[in-house]
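Please open the model in your viewer and keep a selection panel at hand. The tour goes from one strand and its partners to a pair of helices.

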Amino acid sequence: MAEAAAGEPVEESQKQRPKRARRGPGPFTLLVLPGLVALMGVAGFLAYTGGLDDAWPQGSDPDPTATTHVDASYIPWLRKAVADCKVVKPSVLAAQIDRLSGWSNDTGALSGEKGIAAFTDAQWKKWGKDDDGNGRSSPRDPADAMMALGRQDCSLAEKVTDLRTEGTVTGDLVNLTLAAYASGTDAVVKAGRVPGDAEAYIDEVKSLSSRYKSVDRESSGGGAVNQVPGAVLAAPVANLTVTSPFGSREHPLTGVTKLHTGVDFASPQGAQVSAASKGQVVFAAMTKAYGNRVVIDHGTIDGKRLETTYSHLLALQVSVGQAVDAGTPVGLVGSTGLSTGPHLHFEVVLDGYYTDPLPWLRPSS
């Protein structure tokens with residue numbers, strides 16, 4: 001009788017046949033199989049511990065936060081290029097280069113954009129230097145190019161920081177810096193914020209920056225940028241009655257809905273406004289939007305720069321460069337600039353980012 005095909009039921013007569021004698025293990029089982037098992041075990045262990053990340057991938061999609069497309073020797077230069085600039089991180093600089101050239105040194109023609117940072121001759125004349133000390137300054141030298149782009153970005157970051165401090169522009173400092181690079185500082189000033197034609201560039205750079213997060217040094221302060229260490233600031237006015245809190249709102253005069261970057265305290269015309277903590281006045285002048293405005297730099301807290309601002313003042317009582325203590329008079333409550341009535345617009349800026357002032361304030365005594 002023919003044997004049943006694989007998967008077919010076995011007939012009764014077949015069940016009664018005598019069993020064949022079992023053979024012993026063959027050479028494959030004795031010699032090859034143990035070696036394969038051992039090899040797979042070792043490979044699995046190495047893959048688990050990171051030793052075979054490339055040879056034994058655990059998935060088809062790369063880790064989006066991993067550093068890619070950048071030579072390891074470039075990383076110290078990326079960090080050095082923006083070491084003195086709190087606004088621009090190395091990952092943003094790397095993302096710009098990725099966006100500009102894809103790290104290719106062959107961009108542009110002889111008279112056009114050159115090197116990984118795509119500098120023109122005119123731009124290089126302004127920003128380029130022999131930073132690696134090899135005797136020549138060239139946009140095709142990656143170290144020189146990274147340092148030059150860092151200088152350009154940090155200069156733009158300083159300009160937009162001053163513009164935001166003065167109340168000329170509003171928005172995130174990283175976005176404003178990238179917008180100034182893409183569209184020019186004049187375009188940012190004219191728009192008062194990120195101009196529309198720079199938004200696509202900003203989105204692309206920020207998306208690419210996730211690839212280079214490991215290039216950034218870990219923050220010495222730790223935690224979130226807007227982490228509040230406690231109520232460390234004295235009340236700037238005697239009455240802390242809030243008429244408009246920190247957060248998104250529709251501006252009562254312009255009708256535009258955007259972030260209200262501080263908190264408004266109700267106070268009568270001419271009431272005293274005082275410094276919230278010891279520091280140095282870095283801005284004291286009339287501005288279009290904020291009226292008479294004072295900005296005080298309080299130094300660092302947990303490695304983060306802390307500033308406070310006082311706006312719509314009737315009169316200024318301090319000048320730039322003046323040292324102040326908590327309680328030092330800085331001005332009088334008023335309604336200058338874009339204001340609907342006497343009040344103090346008070347801001348807390350931590351490492352360049354607006355944060356809710358209320359958790360920082362000790363109640364007035």
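In this predicted model, begin by selecting strand S4, residues 263-266, together with S11, and you will find the two paired in the antiparallel sense over 4 bridges. Within that pairing, Phe-265 has Leu-344 of S11 as its bridge partner.

Next, add strand S8, residues 304-316, which runs antiparallel to S11 and is joined to it by 6 bridges; here the bridge partner of Thr-308 is Val-348 in S11. Then extend the selection to strand S12, residues 353-355, which is likewise antiparallel to S11, with 3 bridges between them, and in which Thr-355 is the bridge partner of Val-348. In the hairpin that S11 and S12 form, 2 residues lie between the strands, and Asp-351 takes a positive phi near 55 degrees.

Now show the side chains of S11 alone, residues 343-350: 8 of its 8 residues are buried, so the strand is largely enclosed by the rest of the structure. In a regular strand, side chains alternate between the two faces of the sheet. Here, His-343, His-345, Glu-347 and Val-349 point one way, while Leu-344, Phe-346, Val-348 and Leu-350 point the other way, and all are buried.

Finally, select helices H7, residues 173-183, and H9, residues 199-209, which pack with their axes 9 Å apart at an angle of about 120 degrees, and are therefore oblique to each other. Their crossing is right-handed. At the contact, residues of H7 including Leu-178 and Tyr-181 meet residues of H9, among them Ile-202 and Lys-206; by class, this contact has 8 nonpolar, 1 polar and 1 charged residues.

Definitions and conventions. Residues are numbered from 1 along each chain as its sequence is written. This is a predicted model: local features need pLDDT of at least 70, side-chain atom pairs count only at pLDDT 80 or more; totals for chains, interfaces and linings use all residues. Side-chain values use heavy atoms; hydrogens and water are left out. Buried means under 20% relative accessible area, exposed over 50%, partly exposed in between (1.4 Å probe, protein chains only). Two strands pair if DSSP finds at least two bridges between them. Axes are lines fitted to C-alpha atoms, for helices over the stretch in contact, and angles run from 0 to 180 degrees between N-to-C directions. Angles under 35 degrees count as roughly parallel, over 145 as roughly antiparallel, 65 to 115 as roughly perpendicular and the rest as oblique. A crossing is left-handed if the near helix is turned anticlockwise from the far one by less than a right angle, and right-handed if clockwise. Contact means heavy atoms within 4.5 Å. Ala, Val, Leu, Ile, Met, Phe, Trp, Tyr, Cys and Pro count as nonpolar, Asp, Glu, Lys and Arg as charged, and the others, Gly among them, as polar.
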